[in-house]
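Work through the following exercises on aromatic ring pairs with the sequence and the coordinates at hand. Each task is followed by a solution that goes step by step.

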Amino acid sequence: MSLTAMGRSSMLRRLRLFVFAVPTLLLAGCISGVPVSVTNHSSAELTHVTVTGKGISEDVGRIAAGATETIRVRPREATTIKVAFEAAGHRYSATTEGEIENDDVNVIVATFGEDMSLSIEARLR
């Protein structure tokens, strides 16, 4: 095999790698994470708000009465999502019934009601 043929062969291998690797990397970056929205319908401020799951630990901080905060989590594997916080001197937490993945299909909605009840669910977008 001539030097020129070896150079072309090497170049073609690199080109094939580039053609397959770049779209794969771009598509992997398109998954922006699973939105987790926490809505506070109570008259109390929520403090120490956290969102956790397998490989996930996000500190949301505080959520004012009547406000909503949304973050995005990027689980590396299937996981349940837990939302926890303090309000009016009590600790509250709720966990999704099923597991979610970082698939741009789910959205997690946690709602703290006027009656101080907490619900959480995973919904399809």
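**Exercise 1: Burial of a tyrosine**

Classify Tyr 92 as buried or exposed from its relative accessibility.

Solution. In this predicted model, Tyr 92 has a relative accessibility of 18%. Buried means under 20% relative accessible area, and therefore Tyr 92 counts as buried.

**Exercise 2: Ring pairs**

Find how many aromatic pairs the whole structure holds, and describe the geometry of the one formed by Phe 85 and Phe 112.

Solution. Step one is the search of the whole structure, which finds three aromatic pairs. Step two takes the pair of Phe 85 and Phe 112, whose centres are 5.0 Å apart and whose planes enclose 80 degrees; since an angle over 60 degrees counts as edge-to-face, the pair is edge-to-face. Step three places the residues: Phe 85 belongs to strand E5 (residues 82–87) and Phe 112 to strand E7 (residues 106–112), so that the pair links distant parts of the chain, 27 residues apart. Phe 85 is buried at a relative accessible area of 0%, and Phe 112 is buried at 1%.

**Exercise 3: From pairs to a cluster**

Which residues do ring pairs link into a cluster with Phe 112?

Solution. Tyr 92 and Phe 112 also form an edge-to-face pair, with 4.8 Å centre to centre and 65 degrees between the planes. Because Tyr 92 lies in strand E6 (residues 90–95) and Phe 112 in strand E7, this pair ties together parts that are 20 residues apart in sequence. Ring pairs thus link Phe 85, Tyr 92 and Phe 112 into a cluster.

Technical notes:
Residues are numbered from 1 along each chain as its sequence is written. This is a predicted model: local features need pLDDT of at least 70, side-chain atom pairs count only at pLDDT 80 or more; totals for chains, interfaces and linings use all residues. Side-chain values use heavy atoms; hydrogens and water are left out. Rings of Phe, Tyr and Trp (its six-membered ring) pair if their centres lie within 6.5 Å; planes under 30 degrees apart count as stacked, over 60 as edge-to-face and the rest as tilted. Helices (H or I, at least four residues) and strands (E, at least two) are DSSP runs, numbered from the N terminus. Buried means under 20% relative accessible area, exposed over 50%, partly exposed in between (1.4 Å probe, protein chains only).
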